Amino acid sequence: MVEPREIHINCMATDIANSQTVQGQPIVIGEPRWVRVALISVTLLFLGIFLFLPLIVVFTEAFKKGVEVYFQSIREPDAVSAIQLTLIAAGIAVPLNLIFGVAAAWAIAKFQFPGKSFLITLIDLPFSVSPVISGLVYVLLFGLQGWLGPWLGEHDIKIIFAVPGIVLATIFVTFPFVARELIPLMQSQGSEEEEAARVLGAGGWQTFWRVTLPNIKWGLLYGVILCNARAMGEFGAVSVVSGHIRGMTNTLPLHAEILYNEYNSAAAFAVASLLTILTLVTIALKAAIDWKSQVEAREVRAIREQALAEA
């Protein structure tokens with residue numbers, strides 16, 4: 001009778017792990033060095049040509065004739081009016097889109113109802129429609145020859161080629177930003193915490209302020225920052241409905257275009273530098289929000305792990 005013998009089978013993972021060490025040092029498996037160098041070089045070259053070089057050109061041209069000319073260009077009455085109108089349009093559009101974004105994201109993420117997919121499609125509509133087309137739609141609706149134009153003319157209500165039209169166009173092109181940031185975030189979080197709060201006797205507003213809002217605050221801030229940056233930098237839709245009336249219906253992008261078409265490049269780039277500064281601030285705030293959200297997520301994870309260990 002043959003005696004049974006032990007058969008030792010090494011785990012494949014162990015063999016692989018052992019084979020990937022040389023004198024106790026792990027070997028990192030990856031692409032060849034020339035591939036990594038090539039990919040990094042292409043990325044840096046692309047960023048240098050399409051991002052950093054335009055930034056350098058904007059500020060170089062803006063200060064080409066001196067600091068005095070720069071500040072004089074952004075202090076002239078038409079430039080000040082453009083800045084004020086840009087702030088007014090963004091100041092109206094961003095809070096309205098904030099309210100709409102939170103309401104839409106809450107409804108889509110927390111409830112089931114007929115037409116939910118269609119509502120998501122409508123929210124994404126400004127991403128797929130050209131801003132010029134959206135501005136033209138407002139002209140066809142509220143212009144003198146539009147559907148509502150005669151009635152608005154009889155009641156002396158001006159929308160097109162006036163501030164209301166600019167605000168409407170800005171709202172349309174920016175309303176998806178807050179909602180699209182919050183919808184996936186709230187869907188991933190689920191509704192268990194809100195349901196627990198309601199079981200414990202919290203009302204709707206209490207649940208929102210004490211449970212929902214703290215969970216979505218970083219995504220909400222990120223959406224507001226993107227919405228504000230797009231509102232201040234919008235050109236296509238606003239260009240169609242504004243009428244390009246200097247000192248009245250020109251926002252910062254439109255004012256920069258007019259100055260450049262008049263071959264006043266120093267003033268045009270001075271105004272454009274304000275929008276560039278807005279872009280840099282937006283990027284810095286985005287990075288700060290990402291860092292803060294990651295830190296908070298690690299802290300929450302550590303607290304949960306500690307609670308599980310103690311349990």
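Four helices each give at least two residues to the lining of the largest pocket in this predicted model: helix 10 (176–189), helix 11 (192–199), helix 12 (204–233) and helix 15 (265–310). Helix 15 contributes the most, with eight residues. The space inside comes to about 550 Å³. If you want to find the middle of this pocket, look for L185, Q189, N215, E296 and A297, the closest to its centre among the 24 lining residues. What kinds of residues make up the lining? There are ten charged, eight nonpolar and six polar ones.

Now let's follow two of those helices, helix 12 and helix 15, to where they pack together. Two packed helices are described by the angle between their axes and how far apart the axes are. Here the angle is about 170°, and the axes are 10 Å apart. Angles over 145 degrees count as roughly antiparallel, so helix 12 and helix 15 are roughly antiparallel to each other. On the helix 12 side, the contact includes W218, L221, Y222 and I225; helix 15 brings L278, L285, I289 and E296, among others. You've met E296 already, as one of the residues closest to the centre of the largest pocket. By class, the residues of this contact split into ten nonpolar, three polar and four charged.

Next, on to the second largest pocket, with a volume of about 280 Å³. Its lining has 16 residues, and F142, G143, L144, I160 and F161 lie nearest the centre. Helix 7 (131–142) and helix 8 (149–154) are the elements that give two or more residues to this lining. Sorted by class, the lining of the second largest pocket holds nine nonpolar, five polar and two charged residues.

Technical notes:
Residues are numbered from 1 along each chain as its sequence is written. This is a predicted model: local features need pLDDT of at least 70, side-chain atom pairs count only at pLDDT 80 or more; totals for chains, interfaces and linings use all residues. Side-chain values use heavy atoms; hydrogens and water are left out. On a 1 Å grid over the protein atoms alone, a cavity is a set of points where a 1.4 Å probe fits but cannot get out, and a pocket is an open set with protein on both sides within 12 Å along at least five of seven lines; lining residues have an atom within 4 Å of a point. Grid points are joined across faces, edges and corners, and a volume is the space filled by probe spheres set on the points. Ala, Val, Leu, Ile, Met, Phe, Trp, Tyr, Cys and Pro count as nonpolar, Asp, Glu, Lys and Arg as charged, and the others, Gly among them, as polar. Axes are lines fitted to C-alpha atoms, for helices over the stretch in contact, and angles run from 0 to 180 degrees between N-to-C directions. Angles under 35 degrees count as roughly parallel, over 145 as roughly antiparallel, 65 to 115 as roughly perpendicular and the rest as oblique. Contact means heavy atoms within 4.5 Å.
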